[in-house]
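Reader: Could you walk me through this one? I would like to begin with the charges and then move on to the fold and the aromatic rings.

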Amino acid sequence: MGSGPRGEEGAGRAVLGDRQPLLVRGGLVFSGLGPGGRPVGPGEGRLERLDVRIGPAGTVTELGPSLRPGEGEAVLDAGGLVVAPGFVDLHSHSDLYALWRRGGPAPLGDEPKLVQGCTAQVFGQDGISAAPVGEAGPAELAEAIAGLDGRIPLERWRWRSVGEYLAALRREATTRVAVLVGHSTVRRLVMGTANRPPSPEELATMQAVVDRAMAEGALGLSTGLVYVPAAYAGVEELVALCEVVARRGGRFFVHVRSESDRVVEATEEVVEVARRSGVHLHYSHIKTAGRRNWPLAPRLLEILEAHRAAGFPLSADVHPYTAGSTTATVLLPPWVLEGGVEAALARLGDPAVRARIREQLLGDTTSWDNWWAFSGGWEGLVVADAPRPGLAGRSFAEVVAAAGVGDPHSQAAFDVVLDLLREARLAVSLVSFNNVEENVARFLAQPFTGVGSDALVNPDGHPHPRLYGTFPRVLGRFVRELGALDLVEALRSMTVGAAEAAGWSGRGILAPGVPADLVVFDPERVADRATYEEPRLPPLGIQAVLVGGRQVAAAGRLTGPVPPAEDEPGDPAVPGGREAGR
């Protein structure tokens, strides 16, 4: 069984990272296409023993059985392996770190994805996008999104519009990239962090911002209804913005208002928005968080199936873990964050405000999504990244105990955490243990779901293992070990199905004329190795990863310096094309 390039009769040896004519030979191929070149739907895909020929321009030129290598054509022996389009991360937070190599062979946000076979990412998730940037410059937006998307030096923010941001990504990113425009970013641009409905003029301005973003290449709008300021929006505002998205055929990616005690009502809310606006609804990282809410999973599926049965477009994504990860600002009720970072920091210095926060965290699980409660308190929360050294990887319970506080429910315990948030200017991220594997498998098995890593990069912290393990974990744990879905359906959901969910044409398939982004893996060995204790361990069984015909990763490692994915002139599959932002 081969795992790397091999010279054959009349063929040269492939040079890792080089682009040259290449024949991927002897594998079981999932192309993502059916009769007539139509993208396959649920249950329609298949594996075929085919060879894949890649031309010097980095595109697929031929698929067929028993192709012979041509003169000067290298051969990658895929005997006994599966060959598939590169995986599409439907929910990525590498928005900034896809722009910064920091001396490494690939950008900080791309390397963990490439080694697991992921060659395309969708940015601008949870209502938080890195563009558009207001006239005052990026400093305020950079601080606002740091908890989810991290930080890069401000001088690297060389864009203002969505089009300019896309152009910057295409100059640097080593994966294919698409973006959504974030609801919180748009709302902040137009009306700051005001906790009120927009005026008619403000709403019209927000609609215009969304429309321009989509004209410049955004695939749609995202929102995170647990994150300020999107948390302050009502249904009417969402419908008005989604009407713009629907007119342009875009997608509405949504982190619902509650994933715990009010998850049913939150799901009904976004279904109402989708029906009234006509927009394609994409349900981000679908789950029911907190032990007492695990039995609600079938009810969520009933609601979504009814929406599909009524003829409305629907998709979703799932990450294959029982713990989630996000900014630690979710530990604060939304009223604390009203008015921006400085106002929030001032409130956190007030003992009366701290007492009110503690009281609400201990007793209120319905007025907002109480991550402290549905994670089981401080024990279920782990510091992923914080400016203070030595905290990453420790539970908040350990942080509290190390401060000499014995009662985790006391005001002193809450003060330890609030001190940390204040000291870090809210730029702390966490891992939350709140889900059950049975439900993860249930949601992964749905015909309308794809896979999203939802991984915060945390280059100097302690990331969630999904940063390195998401796609191999689906293939190893949920396909091979649990049988939650079969291999072909898993591949469809992570490739062509994901691209269709995002409205990203030309991705997730292998066909003549399409950029040769593909992954070669061993279905019997593929597995994630990253753990909560050692989250940066690369996976097993991913034998080769190609982007634009170049082999960029093999056996869990990059093969050398990786060039930008879209350094070739033109790429008709990219939304907005090369002209976006010019």
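Author: For the charges, Lys and Arg count as positive and Asp and Glu as negative, while His and the chain ends are left out. Please keep in mind throughout that this is a predicted model.

Reader: How many charges of each sign are there, and how far apart are their mean positions?

Author: The chain carries 57 positive and 70 negative charges, and the mean positions of the two sets are 2 Å apart.

Reader: Moving to the fold, how many helices and strands are there?

Author: The chain has 17 helices and 22 strands. Its radius of gyration is 23 Å, close to the 25 Å that the globule rule gives for 582 residues, so the chain is as compact as a globular protein of that length. Taken along the principal axes, the box filled by the C-alpha atoms is roughly 80 × 50 × 50 Å.

Reader: And what share of the residues is buried?

Author: Of the 582 residues, 64% count as buried. The chain exposes about 19800 Å², and carbon and sulfur atoms supply 51% of that area. As for contacts between residues at least 6 apart in sequence, 76% of them join residues at least 24 apart.

Reader: Now the aromatics: how many pairs does the structure hold?

Author: The structure holds nine aromatic pairs. In one of them, Trp371 and Phe374, the ring centres are 5.0 Å apart and the planes stand at 45°, which lies between the limits of 30 degrees for stacked and 60 for edge-to-face, so this pair is tilted.

Reader: Where do Trp371 and Phe374 lie, and is Trp371 buried or exposed?

Author: Both lie in helix H11, which covers residues 371–374, and they are three residues apart, about one turn of the helix. Trp371 counts as buried because its relative accessibility is 4%, and Phe374, with a relative accessible area of 8%, is buried as well.

Reader: What about Trp378 and Phe396, how are their rings arranged?

Author: Trp378 and Phe396 form a stacked pair, with 6.0 Å from centre to centre and 25° between the planes. Trp378 sits in the loop between H11 and strand S16 (381–385), whereas Phe396 belongs to helix H12 (residues 396–402), so the pair ties together parts that are 18 residues apart in sequence. Both Trp378 and Phe396 are buried.

Reader: Which residues do ring pairs link into a cluster?

Author: The cluster linked by ring pairs consists of Trp372, Trp378, Phe396 and Phe414.

How values were computed:
Residues numbered from 1 in each chain as written. Predicted model: local features only at pLDDT ≥ 70, side-chain atom pairs only at ≥ 80, totals over all residues. Heavy atoms only, no water. Helix = DSSP H or I, 4+ residues; strand = E, 2+ residues; numbered from the N terminus. Rg over C-alpha atoms; globule rule 2.2 N^0.38 Å. Buried < 20%, exposed > 50% of the residue type's maximum accessible area, 1.4 Å probe, protein only. Contact = heavy atoms within 4.5 Å. Areas by Shrake-Rupley, 256 points an atom, 1.4 Å probe, with all protein chains shown as cover. Charge placed at Lys NZ, Arg CZ, Asp CG, Glu CD. Phe/Tyr/Trp six-rings, centres within 6.5 Å; stacked < 30°, edge-to-face > 60°.
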